[in-house]
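Thanks for asking me to look this over. My notes follow as numbered points, to be read beside the model.

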Protein chains: 2
Amino acid sequence: MSELPGRFCSIAAALEVVGDRWSLLAVREVSLGHHRFGEILEGTGAPRDRLSARLKALVEAEVLERRQYSDAPPRSDYHLTPAGKDLLPVLRSLMAWGDRWAVETPPVTLLHHDHELRPTTVCGTCGEKVHGADVHRRSNTPTT
Amino acid sequence: MSELPGRFCSIAAALEVVGDRWSLLAVREVSLGHHRFGEILEGTGAPRDRLSARLKALVEAEVLERRQYSDAPPRSDYHLTPAGKDLLPVLRSLMAWGDRWAVETPPVTLLHHDHELRPTTVCGTCGEKVHGADVHRRSNTPTT
DNA sequence: GACCCTCAGTTGGGAAATCGAACCGACGCG
DNA sequence: CGCGTCGGTTCGATTTCCCAACTGAGGGTC
């Protein structure tokens, strides 16, 4: 992780890992069950070399795991690590935003069990739905 | 919005708008109450020209609004539109991910009223906490 | 009015990332 | 042997990015 010029925060840190043009789309493809290079290539539309580099970086960052599933011919596929699975809420919120503000017709709907999923953020501590006005920042408590 | 080569989805559409290196950081700065160009510049660490271009694009995409608050000298500042405010859940989930997987020490804590906010995704329809295994995709219902 | 400062950009040129297309090597098939 | 597939890598051209310098409108001071 390089020295960042701006304010340090975990959003910037997260974007250092998955903030480029293709990473999140690659994670989306893997999460959709497309594990092989060619599938991810087609699903994302990324150039081969970019995808190759990104997958390498995501494996390095432990977002994806590369598994060799055949020796002859040598074939491997990509799977989500725990960190990768933890990106799914990010993808869901991004998709919800895109549905609302970046496309005319939402192309897919997520199903939660048998009904529509409407992703909603609540506070894990008190269970209450989160409204922007209720949230404030606290500097890191310097208690070592 | 250009023609995308890969699978069409709202995640890709969202990333077309805010998927570059500086957009989300700029939105973060504005959401933190830093509305002026110089503040956003310092907070993000972006080059001036990049930031200028990004802010222009975000205004164009109706994520930010530019308001002239002084004629002499001509000064304007940037505010979140409804679409911009709707990005806050994305930022929160990204921050939660970064806290967990991209930094050692979470530098800030969000407060919900007077206690720690732990962002959690629930289904808005049934209120149940969302687990990845419960979520499935449905193609767009072609019912016009 | 001369001088210097701030703020919000714009401009220019070089460095770096990105792109599409072509190529490569290991293998499988007939 | 010749062809096709899969998963990349390499190449050259294009695009984007970054940094530093400049602009331009105005303000503050003497």
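Which atom of DNA strand D lies 3.1 Å from an N or O atom in the side chain of Trp22(B)? A phosphate oxygen does, and point 4 comes back to the residues around that strand.

1. Some ground rules. This is a predicted model, in which local features need pLDDT of at least 70 and side-chain atom pairs count only at pLDDT 80 or more, while totals for chains, interfaces and linings use all residues. Residues are numbered from 1 along each chain as its sequence is written, chains are lettered from A and ligands numbered from 1 in the order in which they are written, and side-chain values use heavy atoms, with hydrogens and water left out.

2. Confidence and overall make-up. The mean pLDDT (the predictor's confidence in each residue, from 0 to 100) of chain A is 84, and 81% of its residues reach 70 or more. Please go gently with residues 140-144 of chain A, where pLDDT stays under 50 and the model has 4 contacts (heavy atoms within 4.5 Å) beyond four places in sequence. Where pLDDT is low, the predicted coordinates should not be read in detail. Chain A has 6 helices and 6 strands, taken as DSSP runs numbered from the N terminus (helices H or I, at least four residues; strands E, at least two). Along the sequence they run α-α-α-α-β-β-α-α-β-β-β-β. Of the 144 residues in chain A, 47% are buried, meaning under 20% relative accessible area with a 1.4 Å probe, counting protein chains only.

3. Helix 3 of chain A. Which residues of this helix (residues 37-44) are buried? They are Ile40(A), Leu41(A), Gly43(A) and Thr44(A). Their cover includes helix 2 (23-31), helix 4 (48-60) and strand 2 (75-80) of chain A. After the helix comes Gly45(A), with a positive phi near 80 degrees.

4. DNA strand D. There are 18 residues around this strand, and Arg48(A), Ser52(A), Arg66(A), Asp49(B) and Arg50(B) come nearest; a residue counts as near if one of its heavy atoms lies within 4 Å. Sugar or phosphate accounts for 64% of the strand's atoms within 4 Å of the protein, and bases for the rest. Besides Trp22(B), Arg21(B) places a polar side-chain atom 3.4 Å from a phosphate oxygen, whereas Asp49(B) has one 2.9 Å from a base nitrogen. Helix 3, helix 4 and strand 2 of chain A, along with helix 4 (48-60) of chain B, give two or more residues each to this surface. Helix 4 of chain A supplies the largest share, 4 residues.

5. DNA strand C. Here too 18 residues surround the strand, and those that come nearest are Arg50(A), Arg48(B), Ser52(B), Lys56(B) and Arg66(B). Of the strand's atoms within 4 Å of the protein, 65% belong to sugar or phosphate. On the phosphate side, polar side-chain atoms of Arg21(A) and Arg50(A) lie 3.4 Å and 2.7 Å from a phosphate oxygen, respectively. Arg48(B) instead has a polar side-chain atom 2.7 Å from a base nitrogen. The largest share of the surface near this strand, 4 residues, comes from helix 4 of chain B.

6. Residue classes at the DNA. The surface near DNA strand D has 6 nonpolar, 2 polar and 10 charged residues, and the surface near DNA strand C divides into 6 nonpolar, 2 polar and 10 charged. In this count Ala, Val, Leu, Ile, Met, Phe, Trp, Tyr, Cys and Pro are nonpolar, Asp, Glu, Lys and Arg are charged, and the others, Gly among them, are polar.

How values were computed:
Buried means under 20% relative accessible area, exposed over 50%, partly exposed in between (1.4 Å probe, protein chains only). A polar contact is a pair of N or O atoms within 3.5 Å; within protein, one must be able to donate a hydrogen and the other to accept it, and residues adjacent in sequence count only if both atoms are side-chain atoms.
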